[in-house]
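Reader: I am new to this structure and would like to understand the reasons behind the terms used for it. May I ask about them one by one?

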Amino acid sequence: MSQDRIRNFSIIAHIDHGKSTLADRILEVTDTVSGREMREQLLDSMDLERERGITIKAQAVRVLWKGHQLNLIDTPGHVDFTYEVSRSLQACEGAVLVVDAAQGVEAQTVANAYLAIENNLELLAVVNKIDLPAADPDGAAAEIAELIGGAAEDVLRISAKTGQGIEAVLDAVIERIPSPAGTAEAPPRALIFDSSYDQYRGVVAFVRAVDGTFRTGEGVQAMAQGTRFEAEELGFFSPTMRAAEALEAGEVGYVITGLKDVSRLRVGDTLTTRENPAAKPLPGYKDVKPMVFSGLFPTDSDEYPNLRDALEKLKLNDGALIYEPETSQALGFGFRCGFLGLLHMEIVRERLEREFDLDLLVTAPNVAYQVVTLVGSEVEVHNPADMPPDIERVEEPYIRASIIVPKEYVGPVMELANDRRGRFDHMEYLSEERAVLIYELPLAEVVVDFYDQLKSRTRGYASFDYDIVGFREGNLVKLDVLIAGEPVDALSLIIHRDSAYGKGRALVDRLREEIPRQMFDVPVQAAIGSRVIARETIKAKRKDVLAKCYGGDITRKRKLLEQQKKGKKRMKQVGAVEVPQEAFLAVLNLNDNGR
Amino acid sequence: MSGVRHLYVHLPFCAHRCGYCDFVTVVGRRGEHGPYVQALLAELELERPLLAPRLETVFVGGGTPTFTDEHELRRLLSALPPAAEVTVEANPETVTPEMATLLLECGVNRVSLGVQTFDSALLSVLDRVARPDDVRRAFYHLRDARFDNISLDLIYGIPGQSSAALDADIEKALALGPEHLSCYELEAKPGTRFTHRHGEELGRQAEALEGYFERVVERLTEAGYRWYETANFCRPPQADGGLDLRSQHNLAYWLGRDYVGIGIGAVSTVSGLRWRNTPRLPVYTAVLAQGEAPPRELEELTGDVRRRERVMLGLRLDEPLLLDGLAPVMDAEALSRMERLELVARNADEGGGETLTLTPRGRLLGGGVTVELLA
């Protein structure tokens, strides 16, 4: 189809503001699905594809409206996938920004709107749920106008639930969103904005053709990674998979690659043909790097092989997940895993526990550090235990956080952000009632309990989103914990020098409570390098006997001792000291308010 | 097989059940005393082939043996095989001059008196019937009847017991000059009514209680008693070659000898086989009335289990444990570690073998040390 009859767009919204419902209505109104076929949140359903023996979620659906081809591109809904979201947005020329008429602008609205603006998209603002009794469409529209500029009157008012105003949205997409502007005669180039894995057909890439034409059966190459494959099938979703002979400039669709390894095809890379290769890839490819790390250990050490298999399977569908074996004195065999962010970590952990029925111990997360040693070599450190001893300087990742709160909580939020080494950037009032605060914060200060603290200090009203802005030098030290003089790997932390004393004290106090008394005095110390900053002693036991042992029932006494022996075997040996696994967990969760 | 020299007889009857007690006991049921003693005698007849003609020890425990109907008690004691040491457990309130005479007449030569404490308030906490005066009176009745081997049972670590109260208990016990003392720390089993009632108090006392065991050992050894087993103390033999005042019966358990136990819940260990009688009184009496052995739980003791028990029990004693043949169940690495911590000492024995002795501090931590040492 000629490019001036094509529109590519996304729907962006804060969670639960109605993105999926709007997508469903669009499919209905355009007769892409009949009412009988219509099911709630079709874009999120995998069952349809399953009927065809293939389990690929539709990432982009093609609908026809008044002689135009509209491609609705789904975006991952969460902040950790900012990079993926931005790739999806890059495949579009415009975005429908949906805001709940009762809730108004939220943190994700802000983050997504900024991303869309950064990607030069035309924003089409929509206030949804105007049918709700609590709806305040004018207030929400005013907040949007404040956020993205423009007039509140231009904001569309709809109810995705009742269908009111949907046609006007589609008309506006055609009128206000620009058509694609690629070159149809140029060597083919397509942006991979998402990918999926199917066990029968391998990696399926979701692409936006920018220039030229791709044809089924052609030899294709990913320009940044150099991966080569044959385009086994091209096509699009409408809403089910429809094979097509070709994908032309401006169109959105899928490519079945037959590749068996998701990591060989990265989101953001550019596809071209081997026959007529493009000279330059599309801009913007970057290798996404995990920023948050944590150790995953099976509670039952026999489950280690199952955890390994589960991670292998997850990895097939999640190219961003990385992992490597880790051995901890305290927790035994496990894996150190890298995640894009906190939510990604939560999702992986949940999938491992739910889909693979694993019982996991997850250590407190830490961030990636870039370390320059005294001899000038640079290393990236993912585990405090791996910190080199001779450090020149350490850089840590920083985020730009947008926090939206009712104005009465601005004070508590600033206090929290300042406590966490935050640098205030600016504040704007979205309305008389609500403000957005922009802070730069070290990611390390956010990974453990920042969100919980934020929620509890604002009685749940704050919404929060962030993106990574780069690495910066920090006054960071490695805090070691020594039990009876032995450093304990699992308890090492990288921490800002100013909080080292307090944290060291807390660790040592907690360990003194958690480690049972031994047959000798056990000193517990927190140290920076060779300097001890906190110390406690677990006093030796004075008594440990089975009081009574008479009458002939020796079996019972023997079993008691055997029970104790078993209990000991579950303990972790740190030098001569036996430390129960629970003690490590208590300490690892020191900052974790039950999350 | 006819060589077992130690016999235990269980008399389960009690006037009431004390809150902390976890023995097999039966409250009241006066009417059952006769049939039960009849059953005991029947079981004794069944087991007699296992027993040596003359025994080293007989121990009649409970329950409260001296609460048993006097006629039935006499009938039982008279029927038991003769032995060098015959012990009967007694509660102070049951020891009248008549009871003392009965015991003596029936060949009993050692009485173990369940004192627990001399403190009236603490006696109530333990649900004990006896008052402090009953305790002393019982002791005097036994002495008047010429008993020259009396043991007192004390319990320490009672909810609300201060260290001063502990000292007072020890002094009052010492003032009576018993030949033998057993001092047990109170065990509050989780989930029992006693723990429910007193657990909080015990929690508050926990730190102070740690020192009580040490204090008991210190005070009794100062007074000249021999700390011959973790919880047991005796006067040393008289200079003129007097009796070894250790409990010879309990020593048999600790040294791994064979023994036969009769009565409900009683345990026997003979030639590597251990069995435990049903704890149910009606079943026991009914089956034995038919001349059959009572239902029993059987356990075969493998060589390693016997060796483990040997270590577990042997290390409770003050005499060196001969390590000969015990290597398979010992953790050599732990042994060296315990040695470095000065909790155990290894020595050569006259026969050229190696022995193991716990140091005084090692004995205070004996349970933990044993757990370490066993592979």
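Author: A helix is a DSSP run of H or I with at least four residues and a strand is a run of E with at least two, both numbered from the N terminus. By these names, Gly63(B) belongs to the loop between β4 (55–62) and α2 (70–79) of chain B. Please bear in mind throughout that the model is predicted.

Reader: What kind of peptide bond leads from Gly62(B) to Gly63(B)?

Author: That bond is cis, and its omega is near 15°. Chain A offers another case, where a cis peptide bond with an omega of about -10° links Ser238(A) to Pro239(A). Pro239(A) sits in the loop between β12 (233–237) and β13 (241–244) of chain A.

Reader: What makes the phi of Asp127(B) worth a remark?

Author: Asp127(B) is not a glycine, yet its phi is positive, at about 65°. This residue is placed in the loop between α4 (120–125) and α5 (132–144) of chain B.

Reader: Which strands stand at the edges of the open sheet of 9 strands in chain B, and why are they called edges?

Author: The order of that sheet is β9-β10-β8-β7-β6-β5-β4-β1-β11, and its pairing is mixed. The edges are β9 (226–229) and β11 (260–262) of chain B; each has a single partner strand, so one side of each lacks a neighbour in the sheet. From one strand to the next, the twist averages 20°.

Reader: How do you know that β1 and β11 of chain B are paired?

Author: Pairing requires at least two bridges found by DSSP. Strand β1 (residues 6–11) of chain B has 3 bridges to β11(B), and the two run parallel. One of the bridge partnerships is that of Val9(B) with Ile262(B) in β11(B).

Reader: What is the pairing in the open sheet of 3 strands in chain B?

Author: Its pairing is antiparallel, in the order β15-β17-β16. Here β15 (321–322) and β16 (344–348) are the edge strands, each with a single partner, so each has one side without a neighbour in the sheet. The threshold of at least two bridges is met by β15(B) and strand β17 (residues 354–358) of chain B, which 2 bridges join in an antiparallel manner. Among the partners, Leu321(B) is matched with Leu356(B) in β17(B). Helix α12 (residues 332–340) of chain B packs on this sheet, where it touches β16 and β17 of chain B, and its direction makes about 105° with that of β16(B).

Reader: Why are α9(A) and α10(A) called roughly antiparallel?

Author: Helix α9 (residues 410–419) and helix α10 (residues 450–457) of chain A pack at about 155°, with axes 9 Å apart. Angles over 145 degrees count as roughly antiparallel, and therefore the term applies to α9(A) and α10(A). Their crossing is right-handed. On the side of α9(A), Pro412(A), Val413(A), Glu415(A), Leu416(A) and Asp419(A) meet Phe450(A), Gln453(A), Leu454(A) and Arg457(A) of α10(A). This contact comprises 5 nonpolar, 1 polar and 3 charged residues.

Reader: Why, then, is α1(B) called oblique to α10(B)?

Author: The axes of helix α1 (residues 33–47) and helix α10 (residues 281–289) of chain B come within 9 Å and cross at roughly 60°. Such an angle is neither under 35, nor over 145, nor from 65 to 115 degrees, so it falls among the rest. The helices α1(B) and α10(B) are therefore oblique. The crossing is left-handed. Among the residues that meet are Tyr36(B) and Leu40(B) in α1(B) and Tyr284(B) and Leu288(B) in α10(B). By class, the contact has 9 nonpolar, 1 polar and 1 charged residues.

Reader: How many aromatic pairs does a search of the whole structure find, and what makes the pair of Tyr304(A) and Phe333(A) tilted?

Author: Over all chains, 15 aromatic pairs are found. The rings of Tyr304(A) and Phe333(A) are 5.9 Å apart centre to centre, with 55° between the planes. Centres must lie within 6.5 Å, and planes neither under 30 nor over 60 degrees apart count as tilted; hence the name for this pair. Tyr304(A) is in helix α7 (residues 304–317) and Phe333(A) in strand β19 (residues 332–339) of chain A, so the pair ties together parts 29 residues apart in sequence.

Methods:
Residues are numbered from 1 along each chain as its sequence is written. Chains are lettered from A and ligands numbered from 1 in the order in which they are written. This is a predicted model: local features need pLDDT of at least 70, side-chain atom pairs count only at pLDDT 80 or more; totals for chains, interfaces and linings use all residues. Side-chain values use heavy atoms; hydrogens and water are left out. Axes are lines fitted to C-alpha atoms, for helices over the stretch in contact, and angles run from 0 to 180 degrees between N-to-C directions. A crossing is left-handed if the near helix is turned anticlockwise from the far one by less than a right angle, and right-handed if clockwise. Contact means heavy atoms within 4.5 Å. Ala, Val, Leu, Ile, Met, Phe, Trp, Tyr, Cys and Pro count as nonpolar, Asp, Glu, Lys and Arg as charged, and the others, Gly among them, as polar. Rings of Phe, Tyr and Trp (its six-membered ring) pair if their centres lie within 6.5 Å; planes under 30 degrees apart count as stacked, over 60 as edge-to-face and the rest as tilted.
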